[in-house]
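Trainee: Could we go through this structure together, one question at a time?
Mentor: Happily, let's take a look.

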Amino acid sequence: MTTPNKTPPGADPKQLERTGTVREIGSQAVWSLSSCKPGFGVDQLRDDNLETYWQSDGSQPHLVNIQFRRKTTVKTLCIYADYKSDESYTPSKISVRVGNNFHNLQEIRPHVLHVVNEESVNQDSG
């Protein structure tokens, strides 16, 4: 999603999109996964249904690659994680990397997820 201003943590991305605060741009990208179980791939990751999800099927690291066809500015990245439902499958660390191709990706901001009131909350770690 892109946004002209800083998006408050915990904000509902669908509500922000309805009000014009953000614009969903994921459909402009090519998505790929390091692995997935049958029926738990990119389509389930992107379908806006909180009952469906991506499930990896391989050794770590588990990767979601999002490649845009041209240079694209992304100001906000929204990730839904449900610790209450996923428990041990909820990631504890997320690394966001950018670059011109897969071979020159550089980490821009590591994130550590903390559980607060049984919900995963994204907090910058640095």
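Trainee: Is Tyr53 buried, exposed or partly exposed?
Mentor: This is a predicted model, and the answer rests on relative accessibility. Buried means under 20% and exposed means over 50%. Tyr53 comes to 40% relative accessibility, so this residue is partly exposed.

Trainee: Which residue forms an aromatic pair with Tyr53?
Mentor: A search of the whole structure turns up 1 aromatic pair. Its ring centres are 5.2 Å apart and its planes meet at 40°, which makes it tilted. The partner of Tyr53 is Phe40.

Trainee: How many residues apart in sequence are the parts that this pair ties together?
Mentor: Phe40 lies in the loop between E1 and H2, while Tyr53 lies in the loop between H2 and strand E2 (64-68). Phe40 is partly exposed too, with a relative accessible area of 27%. The pair therefore ties together parts whose separation in sequence is 13 residues.

Trainee: Ser35 is in the loop between strand E1 (29-33) and helix H2 (42-46); is Ser35 buried or exposed?
Mentor: Leaving out residues up to four places away in sequence, Ser35 touches Trp54, Gln55, Ser56, Asp57 and Gly58. The relative accessible area of Ser35 is 16%. The cut-off for a buried residue is under 20%, so Ser35 is buried.

Trainee: What separates the C-alpha atoms of His111 and Val96?
Mentor: His111 belongs to strand E4 (residues 106-116), and at 11% relative accessibility it counts as buried. Along the chain, His111 and Val96 are 15 residues apart. Their C-alpha atoms are separated by 8.0 Å.

Trainee: Stepping back, what pattern does the chain follow along the sequence?
Mentor: The secondary structure comes to 3 helices and 5 strands. Read along the sequence, these elements give α-β-α-β-α-β-β-β.

Trainee: What share of the residues of the chain count as buried?
Mentor: The chain exposes about 9,800 Å², with carbon and sulfur atoms supplying 48% of that area. Among contacts with a separation of 6 or more, 33% come from residues 24 or more positions apart. Of the 126 residues, the buried share is 18%.

Trainee: Where is the pLDDT below 50?
Mentor: For the chain, the mean pLDDT is 80, and 80% of the residues reach 70 or more. The stretch with pLDDT below 50 has 11 contacts in the model beyond near neighbours in sequence. That stretch is residues 117-121.

Technical notes:
Residues are numbered from 1 along each chain as its sequence is written. This is a predicted model: local features need pLDDT of at least 70, side-chain atom pairs count only at pLDDT 80 or more; totals for chains, interfaces and linings use all residues. Side-chain values use heavy atoms; hydrogens and water are left out. pLDDT is the predictor's confidence in each residue, from 0 to 100. Contact means heavy atoms within 4.5 Å. Helices (H or I, at least four residues) and strands (E, at least two) are DSSP runs, numbered from the N terminus. Buried means under 20% relative accessible area, exposed over 50%, partly exposed in between (1.4 Å probe, protein chains only). Accessible areas come from the Shrake-Rupley method with a 1.4 Å probe; for residues, only the protein chains shown count as cover. Rings of Phe, Tyr and Trp (its six-membered ring) pair if their centres lie within 6.5 Å; planes under 30 degrees apart count as stacked, over 60 as edge-to-face and the rest as tilted.
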